Amino acid sequence: KSKILPRTGQFWSDALSVVRVDGNLRISAAELANRQFCGDSEFTKVPAAHISTGVANVDLILYVSGTNSVRFCGSSTLAVAVACNFDQFDRPTAGAINFCL
């Protein structure tokens, strides 16, 4: 416990460390499906404010939906996920998860 847990914690801390966003995190419409959806049009529509003014004090935006998509939700699929915006380091800054309900 005294060796494995601290090492595991440090590993994930290092792995999840990010370059902080300077100012608001704005979503690029050019990277969105139909310039408005994160991932697919069956899932989350990105709010216009996230594109125009952005979101303050965040490094990642995660859009979550619950749609039983015929195209993506098969009998053994619990959820689908996609990254839909990236920063200058090709790091995802926005993504979507759709739970197949």
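Here a trainee and a mentor talk through the disulfides, salt bridges and unusual backbone angles of this predicted model.

Trainee: Let's start with the cysteines. How many disulfides does the structure hold?

Mentor: Go by the sulfur atoms, which have to lie within 2.5 Å of each other. Cys38 and Cys84 make the cut, with their sulfurs 2.0 Å apart. Cys73 and Cys100 do too, also listed at 2.0 Å. So with that cut-off of 2.5 Å, the count of disulfides in the structure is two.

Trainee: Take Cys38 and Cys84. Which handedness does their disulfide have, and why?

Mentor: Look at the torsion about the S-S bond of Cys38 and Cys84. That angle comes out at about -95°, so this disulfide is left-handed.

Trainee: And how many residues apart are Cys38 and Cys84?

Mentor: Both cysteines are buried, by the way. As for the disulfide of Cys38 and Cys84, it ties together distant parts of the chain: Cys38 sits in the loop between α1 (4-15) and α2 (48-52), while Cys84 belongs to strand β2 (residues 79-86). Along the chain, their separation is 46 residues.

Trainee: Now the other pair. What is the angle about the S-S bond of Cys73 and Cys100?

Mentor: Cys73 is buried, and Cys100 is buried as well. Their link is left-handed. The angle that goes with it is -75°.

Trainee: Where in the chain do Cys73 and Cys100 sit, and how many residues apart are they?

Mentor: The disulfide of Cys73 and Cys100 joins distant parts of the chain. Cys73 is in the loop between β1 (61-65) and β2, and Cys100 is in the segment after β3 (92-99). The gap between them is 27 residues.

Trainee: If I number the bonded cysteines in sequence order, what is the pairing?

Mentor: Just pair up the bonded cysteines: Cys38 goes with Cys84, and Cys73 goes with Cys100. Numbered in sequence order, that gives 1-3, 2-4.

Trainee: On to charges. Which residues are joined into one network by salt bridges that share partners?

Mentor: The structure holds four salt bridges. Among them, Asp40 bridges to Arg71 with the closest N and O atoms 2.5 Å apart, and Glu42 bridges to Arg71 at 2.8 Å. In the Glu42 pair, Glu42 lies in the loop between α1 and α2 and Arg71 in the loop between β1 and β2, 29 residues apart. The salt bridges that share partners make one network of Asp40, Glu42 and Arg71.

Trainee: Is Asp40 buried or exposed?

Mentor: Here the cut-off matters: buried means under 20% relative accessible area, and exposed means over 50%. Arg71 has 53%, so it is exposed, and Glu42 with 27% is partly exposed. Asp40 has a relative accessible area of 14%, so it counts as buried.

Trainee: Which residue does Asp87 meet in a salt bridge?

Mentor: Both partners in this one are buried: Asp87 and Arg91. Their side chains meet at 3.0 Å, N to O. So, with a salt-bridge cut-off of 4 Å, the partner of Asp87 is Arg91.

Trainee: Last topic, the backbone. What is phi of Asp90, and is the residue buried or exposed?

Mentor: Asp90 sits in the loop between β2 and β3. Its relative accessibility is 58%, so Asp90 is exposed. Although Asp90 is not a glycine, its phi is positive, at about 65°.

Trainee: Asn57 also has a positive phi. Where is Asn57?

Mentor: Phi of Asn57 is near 60°. At 77% relative accessibility, Asn57 counts as exposed. Its place is in the loop between α2 and β1.

Definitions and conventions. Residues are numbered from 1 along each chain as its sequence is written. This is a predicted model: local features need pLDDT of at least 70, side-chain atom pairs count only at pLDDT 80 or more; totals for chains, interfaces and linings use all residues. Side-chain values use heavy atoms; hydrogens and water are left out. Helices (H or I, at least four residues) and strands (E, at least two) are DSSP runs, numbered from the N terminus. Buried means under 20% relative accessible area, exposed over 50%, partly exposed in between (1.4 Å probe, protein chains only).
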